[in-house]
Amino acid sequence: MTNLYTKLTENFPADRGKTVLETPEGRTMSYADFEVGSGRIARLLVDCGVQPGDRVAAQIDKSPEALLLYLAVLRCGGVYLPLNTAYKGGEVAYFLGDAEPRVLVCDPQAEDSLTETAKQAGTEVVLTLGGDGAGSLIERSRDLDPEVGVVAREPDDLAAILYTSGTTGRSKGAMLSHDNLGSNTLTLRDYWGFTADDVLIHALPIFHTHGLFVATHCVLLSGARMLFLNRFDADTVIDLLPRATAMMGVPTFYTRLLANPRLTKEVCAGIRLFVSGSAPLLADTFQEFEARTGHRILERYGMTETTMSTSNPLDGERIAGTVGHPLPGVEARIADEAGNPLPQGEVGILEVKGPNVFKGYWRNPEKTAEEFRPDGFFITGDLATIDARGYVQIVGRSKDLIISGGFNVYPKEIELCIDGIEGVDESAVIGLPHPDFGEAVVAVVKRQNGGPEVSAEAIQETAKAELANFKVPKKVFFVDELPRNTMGKVQKNTLRDRFKDSFSSAA
Ligand code: AMP
């Protein structure tokens, strides 16, 4: 019996009356409520025809009931398929057509438009759940018998499919097994020292691995409690900090907290752990946060396909700009394009292997085969280096690597140089088509609010003083904001698209 749901409940507190979740609006749910609520929904899903292995798709706002739905899908042996709420009709049609779920759960307001889309994908059952917890999912399950048991699953049976963000080509469904999720989050619970005394601020979305698995499972596997926000809001988080012991966030959470004058050492006094991940945390943010609050943010690294792979230590030294060591049971190596391991200290592609690594892309064995080495290592596509102490540093995505005049240029190094200039808030370095060089290095810069009016020439001068000539940005563009997705990742493809003609003869 390896159903992840069972693994989670084995770690629930003996006193099921303990509160597991509390919202800023004052709603609470106990561990018993989680068991009963998920049991009722599991019964409804079975009544709707969900069999073990069937997909249940959900495009719903974050709510406590959405977590009950996730647990219910696990209980009945289904495969949970959460969809980003930002996806539009056409995108949802693609996911439904690809995954062919038995049931779709969507916002009540989207029911009319999505019912037809679902039908075309062969999904006959559409249920609704709003961010306020209302909708047919709860109405139809409210009076059902919650004693449904738990369907037995093998370790490799699928628990969830998460579609990747699809910045290159079509989004692919990453198949995650009960064992992938269970083993990885048990490791994290212990690595980060979660106990029943913890109170976690949960302000992440729950259609992504970070909020759904990492944050939620760390709480459930330790019998802890979470303060559950439907979205990140700096003031609300600061109000809650004195009542919490831990927070998990994307880097944007930390920059927004820092922008708020109410963030002080005192409000963070009861916190034992701040975790950051899903996008690179700037060393500046790490340092500013330490200066303001006394806390060294623990940065970790993972991806949809691998769940979490590396982490800075709980007790040892947390080094800014690194993502720490491979987690227990995870192997990591740096290789060239052909998969040959590179000497320590060199930059190459990070490959990882371990119980955390997914089972492949849904109905896409060719793509799966392309992304794995024959010895089972998964090619992450992230460029990284491992230092003599074993700390991994991510220097960018391999698709972001710039090849200018035959030289390899790693954007991160240039971004670090530019970010250090007074008057610069942050920067993104990209490669653009160039008639001579193939690609030209270009910097897109956000100036600091209220800082000195730094010029393109000043930035180029500093880069020239600190970096080899071929790394100096040929052009510098200023923007009000760098485009970011919900998980805080800078969308370099959007920038490449926007500035793509900068070196064409017409430009
Ligand atoms: P996703 O599949 O949406 O979780 O995105 C995974 C990607 O996010 C990774 O392949 C990295 O490029 C990036 N990422 C996640 N965590 C970090 C981190 N701590 N530092 C740098 N990049 C990160």
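**Ligand shell and strand E5**

Visitor: In this predicted model, which residue has a backbone N or O atom 2.8 Å from a nitrogen atom of the ligand?
Guide: The contact is made by a backbone atom, N or O, and its partner is a ligand nitrogen 2.8 Å away. A polar side-chain atom of Glu299 is also placed 2.9 Å from a nitrogen of the ligand. The backbone contact belongs to Arg300.

Visitor: How much of the ligand's accessible area does the protein cover?
Guide: On its own, the ligand has 490 Å² of accessible area. The shell consists of 14 residues, with Glu299, Arg300, Thr304, Asp382 and Lys489 the closest. The covered share is 91%.

Visitor: Which strand gives the largest share of the shell around the ligand?
Guide: By class, the shell holds five nonpolar, four polar and five charged residues. Five shell residues come from one strand, residues 298-303. That strand is E13.

Visitor: Are the side chains of strand E5 buried or exposed?
Guide: Val103 and Val105 point one way, and Leu104 and Cys106 point the other way. For both pairs the state is buried.

Visitor: Which residue of E6 stands opposite Leu104?
Guide: E5 runs parallel to E6 (residues 125-128), joined by four bridges. E5 is also parallel to E3, again with four bridges, and there Val56 stands opposite Val103. Opposite Leu104 in E6 is Val126.

Visitor: What is the handedness of the crossover from E5 to E6?
Guide: After E5 the chain passes through helix H5, residues 111-120, before reaching E6. This β-α-β crossover is right-handed.

Notes: Residues numbered from 1 in each chain as written. Predicted model: local features only at pLDDT ≥ 70, side-chain atom pairs only at ≥ 80, totals over all residues. Heavy atoms only, no water. Near = heavy atom within 4 Å. Polar contact = N/O pair within 3.5 Å; in protein donor to acceptor, adjacent residues only side chain to side chain. Areas by Shrake-Rupley, 256 points an atom, 1.4 Å probe, with all protein chains shown as cover. Helix = DSSP H or I, 4+ residues; strand = E, 2+ residues; numbered from the N terminus. Nonpolar A, V, L, I, M, F, W, Y, C, P; charged D, E, K, R; others polar. Buried < 20%, exposed > 50% of the residue type's maximum accessible area, 1.4 Å probe, protein only. Pairing = 2+ DSSP bridges. Right-handed = clockwise from strand over helix to strand, strands pointing away.
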